[in-house]
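Me: I am new to this structure and would be grateful for a close look at a single part of it, the largest nonpolar core. Please also explain how that part sits within the whole.

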Amino acid sequence: MKKILLSGLMLLILFSNKGWTKDLVFSAELPAAYHKYDFDKPSDVFIDAAGDMYVANTGKKCVQRFNQKGELEQEFYGKDEDMLAQPIGVAVDSKRNVFVIDAALKCVLGFNKDGDVISVWGKGNIGKPCGMTVGMINGNDRVYVTDTDNHCVWEFDGKTMGVRRIGAMGTGSGQFMSPTDIAFNPDDFMLYVVDTGNHRIQKIDTVATTPGISVYFTKDNLESLGTLTGITTNRNQYIYITAKKENINGKYQSIYGFDRGGIKKGEFGGKAGFGEGQFEDISGLFVNKDGLVYVVDRDNNCIQRFDSIGEFDGLLSKYSFENGRFNTPVDIAFDSNGNMFVVDKNNHRIQKFDKN
């Protein structure tokens, strides 16, 4: 297989006293003829422990793996009736097995590092797969997927290849209504689930033999925030949720940070707009190991950075096909060196920025 350099671009960013400047200075493009290998509307990116990058290349119906040099190492397509049709999410476990949400097949396909299909789960059972996360529990990799139509969370055990359904439709504790996003916290082994239809966040104790489900934030706490759309967390960090609402006064997009005890620690955003700390359509949220929060705004074609309590820290912005600009960014991921990878969807590429 031909090896290529990543279509992402290394950029040099000028600093101001506040952090990033609003205007970027392009540094290098490697190679000049990268367009031959463009992605077709990529939708998700994942960086594994080795620093390899996995891209859900939705339009080309595959997942691709690139090494740290940006060279294409492996493509994952599936075989026969298990060919990928609409990959929208990708995650990798500690054994480098690759798990892919396929929206068209309504299932999750598992591949080994060589690209062979090792498992297919959810066909005929999953209604609408939405969010996905991986976690290490008692030395064993597990994959979790929210099912919006069946109002539950599916757990896949990478060791026994067993599948377990967690939760059912309803409004009580341990029941869901259209769950969407999901996040795993490695400190307390808890899953945090956006229970969208019930206007709340629930948490799942993954260590218990029978998963214990409890309400983390209740409807009374969160319904006033609007529709909950996303969640993220990280080791020793807060839990952050995104919410949107619209009323006679306008449209609102906000982010809220809570500690693990449910105490609110930060709030930012508000009325939709184009200024610092304002959002139009949040499509991605990430908190790094230093506690900095990165917000991807697809409609504003930008990424904003904040400290842990919501103070604005910097901006990457501008609609363009040029290097370092965006056309509908939808997600980001970080490697262990702090490099940031941006899914620049309608520019059909991944862009790479250094840790500064």
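Reply: In the largest nonpolar core, which has 13 residues, the members that touch the most others are Y192, I201, L228, I231, I241 and Y256. Four strands each contribute at least two residues to this core: β20 (190–195), β23 (227–232), β24 (239–247) and β25 (250–258). The model under discussion is a predicted one.

One of these core residues, I231, merits a closer view. When neighbours within four places in sequence are set aside, I231 contacts D181, I182, A183, Y192, V194, I201, I239, Y240 and I241. Among these partners, Y192, I201 and I241 are themselves listed with I231 as residues that touch the most other core members.

The wider setting may now be described. The protein contains 33 strands and one helix. Of its 356 residues, 54% are buried. Considering contacts with a separation of 6 or more, 42% join residues 24 or more positions apart. The accessible surface of the protein amounts to about 15300 Å², and carbon and sulfur atoms account for 48% of that area.

A final point concerns the cysteines. The search for disulfides, covering the whole structure, returns zero. Two cysteines can be described individually: C107 has a relative accessible area of 0% and is therefore buried, since buried means under 20%. C152 is likewise counted as buried because its relative accessibility is 0%.

Note on methods:
Residues numbered from 1 in each chain as written. Predicted model: local features only at pLDDT ≥ 70, side-chain atom pairs only at ≥ 80, totals over all residues. Heavy atoms only, no water. Disulfide = S-S within 2.5 Å. Buried < 20%, exposed > 50% of the residue type's maximum accessible area, 1.4 Å probe, protein only. Core = buried A, V, L, I, M, F, W, Y, C linked by side-chain atoms within 4.5 Å. Contact = heavy atoms within 4.5 Å. Areas by Shrake-Rupley, 256 points an atom, 1.4 Å probe, with all protein chains shown as cover.
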